[in-house]
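Reader: Please take a close look at one loop in this model, then work outwards from there. I want placement, burial and contacts, with the figures.

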Amino acid sequence: MEDLSVVTQRKRLPLAVPEGAYLRDHRFLGKAVLPAVESMELLAAAASFLYPEISCRDMSSIQLKKFFALDETSAECAADISRDGNGTVRASLVSQKKTGSRGITRSIEHVSLEFSVTGEPLREPPADLAAGVSGICRSFDKKSLYETMVPFGSAYQNVETAMIGECGASARVSGGPATGGHRILGSPFTVDAAFHAACAWGQCALNFTGFPVSLGRRTVLRPTEAMENYHARIFPTASERDSFRCDIWIYGHDGTPYECVTGLTMKDVAGLSPPEGISVAGINGIFQSFRSASAGFEILELDTVPDFADRAFSETETARYRAMGPRRKLSYRGSRIACKRLSRKLSGGDEQIDPKLIHTVSEGGEAPAVPAWGGSAAGYCSVSHDSRFVVAAAAAERIGIDVERSAERVRTTKRFYASEAEQRLAEKFSQGEIQGLLRVWTIKESAAKALGVTLAEAWKSAAVVSIGAVESAVTIRGINHIALHAEVEDHLFTMMIVCGSGVRNAREN
């Protein structure tokens, strides 16, 4: 007969309701409530006291069932602990409240979880996927995030900055103030702030305000500390009408993983509407023509790429990186990460490939490369960056891509790169002369990359014959081409794909 897990021990430990003025800053619908992270700390301490041999920093099946209101002073707090025949420890945070004239005691379960003797090994995301959020993001500082989306008091305002996009979020989070006493799970504020970033992502991407209701697993690899900053990465995994799931990884400055949460479910339990003007849903649709025309396209916000992105580099990439100055390192990190992600897309989306094996620099060391897994070249690749973005694209034919920020200098230097005819086209462009000249400039930059020639050669050989908001016509050595454009605020992206008789999807004049 199959062995059954039998509960062999069951105990109830009375717990002191946590005290501290900082706890009053954690509020739900106007009430101060015990944070889920404090509940987990209480249960970990209780289980560790009874069973010091188990790992209380690895917990699973976490259910956040009912808020524990701190203002209800008559409530008593306890931990129900049991252990089955397999060694799994189950713990629940319960309150006992006397109600009615007869003082009848009512027991309420607030949080339940398990501590497993043998947890499965964690699968850390490859460094190139952990470093940076794909697509256009909205940036939030502490003030804007907590005033508009997560209305907690100052003690729980520990998201320093957040970058939120359709595909996920990254945030710099703080270990917050010291609370006193030994904590098994480390600072409660770090992962709590990561939950805030996840809440903000749901508001921006899905248009509802979700609160944590369950966690599949939480593993504290290294306890975070008060007053220290960390990097939190939010990976959405599934969404429904009023809930979504995500995974969270928290890293130190050097990329060392400190904590992992998998299967975090955020649900709309209060019907709170997100503020206006924060949506990122569909924001990357402006690049649909780029994706359709190319074999692969990747865009990153440089501010989402942390310093430890170099953990993804091959030996050759690392050697080049170490010789660079700080400013050049930022764009190089972003370019390498974009190319590695592009390589994964071209290899069928394989997330198991070691990023160190994806070498993104050509043999000559000057041009970018995007190998498909197996070592074969994936046609042609082009990379560009400005102060905010890095973008990479690949195609079977020669490809060039450029991103530039709008600036007066395109007008003051126009005589160098634009012919008189092109200058006249720019002057008549409906969006203004600078936007017209910016299209001329990025077209010629893209042509130089696609053709593998110098800018000076591209200035002479590429002639812009019409300028449009999303498409412009170009001739190169007598052959007709189409340049594609996309705008993000004051940044212009331009892409060209050049084949033997012109550009893919080229149109006759």
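Author: Start with Asn 284, in the loop between S14 and H5. The model is a predicted one. Is Asn 284 buried or exposed? Its relative accessibility is 7%, and buried means under 20%, so Asn 284 counts as buried. What does Asn 284 touch, beyond residues up to four places away in sequence? The list is Gly 135, Ile 136, Glu 166 and Arg 291.

The loop between S14 and helix H5 (288–293) also holds Phe 287. Phe 287 forms an aromatic pair with Phe 297. A pair of aromatic rings is described by the distance of the centres and the angle of the planes. For Phe 287 and Phe 297, the centres are 5.1 Å apart and the planes meet at 35°. That pair is tilted. Phe 297 sits in strand S15, 10 residues from Phe 287 along the chain, and the pair links distant parts of the chain. Phe 287 is buried, and Phe 297 is buried too.

The ring contacts go further. Ring pairs join Phe 287 and Phe 297 with Phe 290, Phe 389 and Phe 493 in a cluster. In the whole structure, a search gives 21 aromatic pairs. Another of these is Phe 152 with Tyr 156. How do their planes lie? The angle is 75°, so this pair is edge-to-face, with a centre distance of 6.4 Å. Both Phe 152 and Tyr 156 are buried.

Two rings carry a charge above them. Arg 233 places its charged end over the ring of Phe 235, at 4.3 Å from the ring centre. Arg 336 does this with the ring of Tyr 332, at 4.7 Å.

Phe 235 leads to the largest pocket. Phe 235 is among the residues nearest the centre of that pocket, along with Pro 125, Pro 126, Leu 129 and Glu 351. The lining counts 37 residues. Strands S14 (257–267) and S15 (296–301) each give two or more residues to the lining. So do helix H2 (127–130), strand S12 (229–239), strand S13 (243–251) and helix H7 (326–346). The volume is about 920 Å³. What is the make-up of the lining by class? There are 16 charged, 14 nonpolar and 7 polar residues.

Helix H2 also contains Asp 128. Its relative accessibility is 0%, so Asp 128 counts as buried. Beyond its neighbours within four places in sequence, Asp 128 is in contact with Lys 340, Arg 341 and Arg 344. Ala 312, Ile 337 and Pro 355 are in contact with Asp 128 as well. Arg 138 lies 10 residues from Asp 128 along the chain, and their C-alpha atoms are separated by 21 Å.

Next, another buried polar residue. Ser 39 belongs to helix H1 (residues 36–50). Its relative accessible area is 3%, so it is buried. Setting aside residues up to four places away in sequence, Ser 39 touches Leu 34, Leu 93 and Val 111.

Now two exposed loop residues. Asn 207 is in the loop between helix H4 (188–206) and strand S11 (211–220). Its phi is near 65°, a positive value in a residue other than glycine. At 57% relative accessibility, over the 50% cut-off, Asn 207 is therefore exposed. Arg 477 is in the loop between strand S20 (471–476) and strand S21 (479–488). Its phi is about 55°, positive, although Arg 477 is not a glycine. Its relative accessible area is 59%, so Arg 477 is exposed.

Last, the whole chain. It has 12 helices and 23 strands. The C-alpha trace spans about 95 × 45 × 45 Å along its principal axes. Of its 509 residues, 53% are buried. How many contacts are between residues 24 or more positions apart? They account for 67% of the contacts with a separation of 6 or more.

Technical notes:
Residues numbered from 1 in each chain as written. Predicted model: local features only at pLDDT ≥ 70, side-chain atom pairs only at ≥ 80, totals over all residues. Heavy atoms only, no water. 1 Å grid on protein atoms, 1.4 Å probe; cavity = no way out; pocket = protein on both sides within 12 Å on 5 of 7 lines; lining within 4 Å. Points joined across faces, edges and corners; volume = space filled by probe spheres on them. Helix = DSSP H or I, 4+ residues; strand = E, 2+ residues; numbered from the N terminus. Nonpolar A, V, L, I, M, F, W, Y, C, P; charged D, E, K, R; others polar. Buried < 20%, exposed > 50% of the residue type's maximum accessible area, 1.4 Å probe, protein only. Contact = heavy atoms within 4.5 Å. Phe/Tyr/Trp six-rings, centres within 6.5 Å; stacked < 30°, edge-to-face > 60°. Lys NZ or Arg CZ within 6 Å of the ring centre and 35° of its normal.
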